[in-house]
Amino acid sequence: MRPIIAPSILAADFANLQNEVEMINNSDADWVHVDIMDGVFVPNFSMGLPVVEAIKRHSKKPLDIHLMIVHPENYVEAFHKAGAAIISVHIEACHHLHRNIQQIKALGCKAGVAINPHTPISCLSEVINDIDMVCLMSVNPGFGGQKFIERTYEKIKELKTLIQDRNAKVLIEIDGGVNQENAKPLLDAGADVLVAGNFIFSSPNPKEVIESLKGK
């Protein structure tokens, strides 16, 4: 199975957002990855609901919403209405994670759980059969352009073992520092979805970069 490629729109040129979304539409990308930051859970702000709604108006690809925010339960329904197909919440931000997952699924969205680099895979054991995806952060969340954390490969293998042991149907998404050098090793380790931001949007030919990540 070819990998799912999800360009991170946070790295796009927001002065030409429609053109950037149309580039993704016309590429081999599968999803649009949308990072939502609140300046509380992570030390940065990003886009709000009006921008997500604008992306959805132009996108022909599903929106993969990554909520890097506290109290995500207060905003999940609004992001669903804005066009989310997949919503991931951070395990570190959820006091009642199972309830958060149920809320996302009740809206008809795929439910993901994101975990920071310091969070052990074992923390997912109680929900692995209830979710559709795990977003493994391979950098510390909050800023683009960070160096990839090498320990991620081992975490993928640990997560893959958990998924197989529980007979779960869960995609493994990697978010942070993905590039041409580490894409194949990540996929070989067991990743299914690659999120890439600066690597795609800083390229003179983003569509070619997406093709290369796809393995074409």
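The sulfur of Cys109 lies 15 Å from the closest cysteine sulfur, that of Cys94, which is too far for a bond. The model here is a predicted one, where local features need pLDDT of at least 70 and side-chain atom pairs count only at pLDDT 80 or more, while totals for chains, interfaces and linings use all residues. Residues are numbered from 1 along each chain as its sequence is written, and side-chain values use heavy atoms, with hydrogens and water left out.

Cys123 doesn't fare any better: its closest cysteine sulfur, also in Cys94, is 13 Å away, too far for a bond. A search of the whole structure turns up zero disulfides (pairs of cysteine sulfur atoms within 2.5 Å). As for surroundings, Cys109 counts as buried at 6% relative accessibility, whereas Cys123 is partly exposed at 39% (buried is under 20% relative accessible area, exposed over 50%, partly exposed in between, with a 1.4 Å probe and protein chains only).

Now for the sheet. Eight strands (DSSP runs of E, at least two residues, numbered from the N terminus) form an open sheet in the order β1-β8-β7-β6-β5-β4-β3-β2, with parallel pairing (strands pair if DSSP finds at least two bridges between them). β1 (4-7) and β2 (32-37) sit at the edges with a single partner strand each, so one side of each has no neighbour in the sheet. From one strand to the next, the twist averages 25° (axes are lines fitted to C-alpha atoms, for helices over the stretch in contact, and angles run from 0 to 180 degrees between N-to-C directions).

Strands β4 (residues 84-90) and β5 (residues 110-115) run parallel and are joined by five bridges; Ile86 has Lys110 in β5 as its bridge partner. Helix α4 (residues 97-106) packs on the sheet and touches β4 and β5, its direction making about 145° with that of β5 (contact means heavy atoms within 4.5 Å; a helix is a DSSP run of H or I, at least four residues).
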